Amino acid sequence: MTSFTHFPEVPVIDFLKHAGNILKNPLPFHQKNFEALGDTFRLNLGLGNSVVFSRDPEFAIYALRDNQKNFKKTDIQTKDLAKYVGHGLLTSEGENWKTQRKLIQPAFHKKNLYSLLEVMVEAIDKELERIEVDTPIDIFPIFNDLAFKVVVKSLFSDAINAEEISRLQHITEETQKMLVKELRQPYKKWWFVLSGELKRNLNLSQEARDLLIGIIKRRQNSDSESKDLLDMLMALTYEDGSKMDQEQLIDEILILFIAGHETTSNALSFTIQLIGQEEHVQEKLVSEIDQLVDHSFFDILKESKYTDNVIQESMRLFPPVYFIDRQNIERDSFKGFEIPPGTTLLFSVHQIHRNASNWENPTQFKPERFQESRSVSNFYFPFGAGPRKCIGNNFAMYEIMLTIHRLLKTYKIEQVNKEIEIQPLISLKPKNAIVKFSKR
């Protein structure tokens, strides 16, 4: 009979002693435990609850790809997030997820996304007009609006007005804030219910659904073809020839708002700060951009090799999705450790991406490392891994790349803050993302 060992454990008293700091930023606490206990440890939360944290890329590959059938998403996504955005690709499980993934995948093929490039650039250029020169500015609000507008315009083209866009953005951001409160302060669950705060946010979610119903109905009654994501999604058919019903279509659209704008705005903000810190990187980017100035958007994406390296390296250092959660269905084991059924696992993408076992000089910003011939796919997870790898990875990369091109054609980026500050919430957000732009 095989003998299994238990994961090294952080006692509940350590968790409670550092609870205040964990609420603000849990990453230093986890890093200290990784250094003391190794690449995988169990955090005892008390009252019989615990979470296993891991920065072992082989363990991540095992759960996300090699034995993915025995691992599902946790309640954080399938229940907590789902109550606000429904059961789209990000929050669904089992056969429902398989069916939806098979249906929606074609809409995000590269050839379909190419038809959206002009709409993307139009939205990008409009938001970049807000940039003030020769004065320090926080770029995150600009990129947050930019990313949301790009998603909205790619989805609906001209079928949505400015007031509806503003309202949908407000609702998306408010419900995200509420979810963070619920996850970080579970002991206040009773207060969120009693005070009516939870109900107010659920009502906001319903308002968003009602807005989307109106937009969909306008499109259904329109004679013109828009060739945007909404048209693509509405045209998709299941194997039996049927189409998505209205509720499922809205669920998928709401997921696109969440997954398609927040992580992209975070990645853009971190990338621009890194470019501002390294003059030689910026010069090399500008040189590449100048060579492609008269090229089509398609050719820009195809030929911008160094820009791609810069984005990849930025997401290595500051992965917007900095943890990936899973829970095993049946008893399992890995490297001699026992994994009882229902164990909650959190894979630290942030730590995997900064582990010296995987990367040389891991805290250094070095885009050239992605030009090397060796594959990094087994220890690089900015979009996840396996069958549930983010379906919108190409959409995000195109948007970030085109934004960098449009920005550096006109502006020079100057460093203001010496250190890049982070704010770990549902995603890894920038804090005080202050830079200065000057006309090139």
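This passage describes a three-stranded sheet, the helices that pack on it, and the cavities and one pocket of a predicted model.

The sheet is open and consists of three strands in the order β5-β13-β10, paired in antiparallel fashion. Because β5 (136-138) and β10 (411-415) stand at the edges and have a single partner strand each, one side of each of these strands is left without a neighbour in the sheet. On average, and with direction ignored, neighbouring strands of the sheet are turned by 45° against each other. The antiparallel pairing of β5 with β13 (residues 434-439) rests on three bridges, and within this part of the sheet Ile137 is found opposite Val435 of β13.

Two helices are placed against these strands. Helix α14 (residues 246-277) lies across β10 and β13 and runs at about 80° to β10, while α19 packs on the sheet with contacts to β10 and β13, its direction making about 95° with that of β10.

The structure holds two cavities of 30 Å³ or more. The largest cavity, with a volume of about 70 Å³, is lined by Tyr84, Val85, Ile171, Thr172, Thr175, Ser205, Ala208, Leu254, Phe257 and Ile258. At least two residues of this lining come from each of α5 (75-85), α10 (162-184), α12 (197-220) and α14, and by class the lining of the largest cavity comprises seven nonpolar and three polar residues, with no charged residue.

The second largest cavity encloses about 50 Å³ of space, and its lining is formed by Gln273, Gln277, Gln415, Val416, Asn417, Glu419, Ile420, Ile434 and Val435. Helix α14 and strand β13 each supply at least two residues of this lining; Val435, which lines the second largest cavity, is also the residue that stands opposite Ile137 in the sheet. The lining of the second largest cavity divides into four nonpolar, four polar and one charged residues.

Among the pockets, the second largest has a volume of about 590 Å³. Of the 26 residues that line this pocket, Asp308, Gln312, Asn393, Asn394 and Met397 are the closest to its centre. Two or more lining residues are given by each of α4 (57-66), α7 (110-114), α16 (297-303), α17 (305-317) and α19 (393-410), and α19 gives the most, with five residues. Helix α19 thus appears both in the lining of the second largest pocket and in the packing on the sheet, where α19 touches β10 and β13. In terms of residue class, the lining of the second largest pocket contains 13 nonpolar, seven polar and six charged residues.

Definitions and conventions
Residues are numbered from 1 along each chain as its sequence is written. This is a predicted model: local features need pLDDT of at least 70, side-chain atom pairs count only at pLDDT 80 or more; totals for chains, interfaces and linings use all residues. Side-chain values use heavy atoms; hydrogens and water are left out. On a 1 Å grid over the protein atoms alone, a cavity is a set of points where a 1.4 Å probe fits but cannot get out, and a pocket is an open set with protein on both sides within 12 Å along at least five of seven lines; lining residues have an atom within 4 Å of a point. Grid points are joined across faces, edges and corners, and a volume is the space filled by probe spheres set on the points. Helices (H or I, at least four residues) and strands (E, at least two) are DSSP runs, numbered from the N terminus. Ala, Val, Leu, Ile, Met, Phe, Trp, Tyr, Cys and Pro count as nonpolar, Asp, Glu, Lys and Arg as charged, and the others, Gly among them, as polar. Two strands pair if DSSP finds at least two bridges between them. Axes are lines fitted to C-alpha atoms, for helices over the stretch in contact, and angles run from 0 to 180 degrees between N-to-C directions. Contact means heavy atoms within 4.5 Å.
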